[in-house]
Amino acid sequence: MNNISLSGTVVRRRVSPDQTTVYRVLIPRQPGMLPNPDGKNFDAIDVCFPQAVGNAPSWRQGDQVEVAGFLQQRDTRENLVHLLRRAEGLGDAERNELAANAQGFVQQAKVEVVATQWRFLGRREEERK
């Protein structure tokens, strides 16, 4: 069975070349859960809204959301220039120099959630008040 439900905070929105709306959602780790291997107290995953499921929601950064759907894995090719620009721990000048000399692509498998149901829970700013 491949069902997933999650709730978290929207941190980014993009539209893929095939017009799929994709939100990056941070999901906090609950107390008592095994630690994240990176030492973070959250996990992040892309949530996809293909046109086949209807109109995607209009969420903004900081929105609290709930999503149900299924996991899918797909193989992607990322240009080394884009990969190097996202590299952590490097300054802008170092990243730009590496990107200027990079050629080729990196193959990787990506796991994401395909949304079938969703709900807006509120804005983070409203919860603080």
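In this predicted model, the side chains of Arg14 and Asp46 meet in a salt bridge, with 3.8 Å between nitrogen and oxygen. The two partners come from distant parts of the chain, since Arg14 belongs to strand E1 (residues 4–15) and Asp46 to strand E3 (residues 42–49), which puts them 32 residues apart. Their surroundings can be described by relative accessible area: Arg14, at 33%, is partly exposed, whereas Asp46, at 6%, is buried, because buried means under 20%.

Asp46 also forms a salt bridge with Arg24, at an N to O distance of 3.2 Å. Here too distant parts of the chain are linked, for Arg24 lies in strand E2 (residues 21–28), 22 residues from Asp46 in strand E3. Arg24 counts as partly exposed, with a relative accessibility of 25%.

Another pair is made by Glu112 and Arg74, whose closest N and O atoms are 2.7 Å apart. Glu112 sits in strand E5 (residues 105–123) and Arg74 in strand E4 (residues 63–79), so that this salt bridge joins residues 38 positions apart in the chain. Glu112 is buried at 1% relative accessible area, while Arg74 is partly exposed at 34%.

| Salt bridge | N to O distance |
|---|---|
| Arg14 and Asp46 | 3.8 Å |
| Arg24 and Asp46 | 3.2 Å |
| Glu112 and Arg74 | 2.7 Å |

Through shared partners, salt bridges connect Arg14, Arg24, Asp46 and Lys110 into one network. The count of salt bridges in the model comes to seven. In general, side chains of opposite charge can pair when their charged atoms come close.

Technical notes. Residues numbered from 1 in each chain as written. Predicted model: local features only at pLDDT ≥ 70, side-chain atom pairs only at ≥ 80, totals over all residues. Heavy atoms only, no water. Salt bridge = Lys/Arg side-chain N within 4 Å of Asp/Glu carboxyl O. Helix = DSSP H or I, 4+ residues; strand = E, 2+ residues; numbered from the N terminus. Buried < 20%, exposed > 50% of the residue type's maximum accessible area, 1.4 Å probe, protein only.
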